[in-house]
Amino acid sequence: MKVYGGDIMHGGLDSEKISCIEAILYSEDLNEATKQVASIGDSEMLYVLAANYNWDNGFSIPRAIITNNNCDMSTGLMMFYLSDGIRLLVDKESVEQSGLDEWSKFITEVYSKLEMDVFKRSSISYYPELTKVQLFKLKKSNPNIPGFFLDGIEGNDIEIPMI
């Protein structure tokens, strides 16, 4: 995990919380895993779960994360970028016409929730890893992109255990 400034939050996840995240990530019962995600009351757990999620496993868990009332803006923004949301910022029309219905619906929903400030604010930071060239092109092609999509969300960096 890169540190981009701010303080690092230590010790927020004890072994019980990490075990819960592992159980969700490695569960073979998708319905049970989705229920477990819905019951998480800790935004840091959702953040770590999202950071460790294997996107080859579909959108059920990510959808459960973004619909959890404890999902914060940093987690939403991270999920936006981890699910290749930059494609939406670059060319919204091609995303809508991609034929990847589940992905395009998910990415559009996350974008809308972020843009409409639906996610709660927390002390967790997230900074997208964009190159200077990507930033320049995005700002030039779409000057109306809300700043946090490009600059990130300030706060405390948390250590993300790789599970």
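Start by selecting helices α4 and α8: their axes come within 11 Å of each other and cross at roughly 15°. With the cut-off for roughly parallel set at under 35 degrees, α4 counts as roughly parallel to α8. Keep in mind as you look around that this is a predicted model. Turn the view until one helix lies over the other, and you can check the handedness: the crossing of α4 and α8 is left-handed.

Now show side chains on both helices. From α4, pick P62, R63, I66 and T67; from α8, pick E102, F106, E109, V110 and K113. These are the residues through which α4 and α8 meet.

**Stop two: from F106 to F59**

Stay with F106, which sits in helix α8 (residues 101-115), and add F59 to the selection. Which kind of aromatic pair do F59 and F106 form? The pair is tilted, with 5.3 Å from centre to centre and 45° between the planes. F59 belongs to the loop between α3 and α4 (60-67), so this ring pair ties together parts that are 47 residues apart in sequence. Are F59 and F106 buried or exposed? Both F59 and F106 are buried.

**Stop three: more rings**

The structure holds nine aromatic pairs. For another of these, select Y53 and W55: the ring centres are 5.4 Å apart and the planes stand at 90°, so Y53 and W55 make an edge-to-face pair. Try colouring these two by accessibility. Y53 has 9% relative accessibility and counts as buried, while W55, with a relative accessible area of 21%, is partly exposed. The cut-off between the two classes is 20%.

Next, select F80, Y81, Y111, F148 and F149 together, and display the rings. Ring pairs link these five residues, F80, Y81, Y111, F148 and F149, into a cluster.

**Last stop: D42**

Finish at D42, in the loop between α2 (30-38) and α3 (43-52). Is D42 buried or exposed? At 16% relative accessibility, D42 counts as buried, because buried means under 20%. Draw a distance from the D42 side chain to the backbone nitrogen of E44: a polar atom of that side chain lies 2.8 Å from the nitrogen. Then add K17 and N70 to the view. D42 touches both K17 and N70, leaving aside residues up to four places away in sequence.

Note on methods: Residues numbered from 1 in each chain as written. Predicted model: local features only at pLDDT ≥ 70, side-chain atom pairs only at ≥ 80, totals over all residues. Heavy atoms only, no water. Helix = DSSP H or I, 4+ residues; strand = E, 2+ residues; numbered from the N terminus. Buried < 20%, exposed > 50% of the residue type's maximum accessible area, 1.4 Å probe, protein only. Polar contact = N/O pair within 3.5 Å; in protein donor to acceptor, adjacent residues only side chain to side chain. Contact = heavy atoms within 4.5 Å. Phe/Tyr/Trp six-rings, centres within 6.5 Å; stacked < 30°, edge-to-face > 60°. Axes fitted to C-alpha atoms, helices over the stretch in contact; angles between N-to-C directions. Parallel < 35°, antiparallel > 145°, perpendicular 65-115°, else oblique. Left-handed = near helix turned anticlockwise from the far one by under 90°.
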